[in-house]
Structures are given as structure tokens and as C-alpha cells.
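Subject: A structure for you to look at

Hi there,

I am passing on a structure that I have been going through, and I hope you enjoy exploring it. Have a look at it first, and then read my notes below.

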Amino acid sequence: REYEFTFNAELSKGNVSVELLDASKKRVLFLKENRCGKVSVEAGKRYYLMIRFESSTGSYQLDWS
């Protein structure tokens, strides 16, 4: 399967990023503020979604389809 991620952030300060990791914690997708990306995943496999905040204030939205 292929998924498209859209990450929008409206920050007044700091940084925020999104990472998708596979079962062995290898990065398969990295998005910083206001970016899109596609990733192919395998059915039945485990993935980890990490959202990292660095002294940030504001809001964000993460969508996937």
C-alpha cells in the first residue's frame, strides 16, 4: 500500500517534525513544517509515527490517505 502524508504547521516559535519508522526503527519518511510525502508500507508490518517538538508553540495538522 502507498500512503500520502500531509503535514501543516503554524508555529509562532520552535520546530516540529514527523517521522515514520519501520519495525527496525529505520526512518522511512521525514516531514518538516508544511510538507507532503508518500511512503509504501507492507501489510501486517509494524510502523511507528513520531512527532517531535522542539520548544514549539502553535498548532499542527497531520493527514494521510
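Let me begin at the end of the chain. Ser65 counts as exposed because its relative accessible area is 63%, and the cut-off for exposed is over 50%. You will find Ser65 in the segment that follows strand 4 (48-64). Before you read on, please keep in mind that this is a predicted model.

Which residues does Ser65 touch, leaving aside its neighbours within four places in sequence? They are Glu2, Tyr3 and Glu4. Lys26 makes a useful landmark too: Ser65 and Lys26 lie 39 residues apart in sequence, and their C-alpha atoms are 22 Å apart in space.

Now for the overall picture. The chain has four strands and zero helices, so if you read from the N terminus on, the order of elements is β-β-β-β. The C-alpha trace spans about 40 × 20 × 10 Å along its principal axes. The chain has 65 residues, and 25% of them count as buried. About 4,700 Å² of the chain is exposed, with carbon and sulfur atoms supplying 43% of that area. If you take the contacts in the chain with a separation of 6 or more, 72% of them come from residues 24 or more positions apart.

Next, follow the chain through its first two strands. Strand 1 (residues 2-21) and strand 2 (residues 27-32) run antiparallel and are joined by five bridges. One example to find on screen is Ser17, whose bridge partner in strand 2 is Lys32. The two strands form a hairpin, with five residues between them. In the turn, Lys25 has a positive phi of about 65 degrees.

Asp22 deserves a stop of its own. It sits in the loop between strand 1 and strand 2. Asp22 is buried and yet has no salt bridge. How far away is the nearest side chain of opposite charge? That side chain belongs to Lys26, and it is 5.6 Å away, whereas a salt bridge needs the atoms to be within 4 Å. Asp22 does have a polar contact, side chain to side chain, with Ser24 (3.0 Å). Not counting residues up to four places away in sequence, Asp22 also touches Val28, Arg46, Tyr47 and Tyr48.

Finally, the salt bridges. How many does a search of the whole structure find? There are two. In one, Glu19 pairs with Arg27, and the closest N and O atoms are 3.1 Å apart. In the other, Arg52 pairs with Glu19, and here the closest N and O atoms are 2.5 Å apart. This second pair links distant parts of the chain, since Arg52 is in strand 4 and Glu19 is in strand 1, 33 residues apart. Through shared partners, Glu19, Arg27 and Arg52 are joined into one network.

Are the members of this network buried or exposed? Glu19 has a relative accessible area of 7%, so it is buried; the cut-off for that is under 20%. Arg27, at 47%, is partly exposed, and Arg52, at 38%, is partly exposed.

Try finding Glu19 on your screen and tracing its links to Arg27 and Arg52.

Best wishes

Technical notes:
Residues numbered from 1 in each chain as written. Predicted model: local features only at pLDDT ≥ 70, side-chain atom pairs only at ≥ 80, totals over all residues. Heavy atoms only, no water. Pairing = 2+ DSSP bridges. Buried < 20%, exposed > 50% of the residue type's maximum accessible area, 1.4 Å probe, protein only. Lys, Arg positive; Asp, Glu negative; His and termini not counted. Polar contact = N/O pair within 3.5 Å; in protein donor to acceptor, adjacent residues only side chain to side chain. Contact = heavy atoms within 4.5 Å. Areas by Shrake-Rupley, 256 points an atom, 1.4 Å probe, with all protein chains shown as cover.
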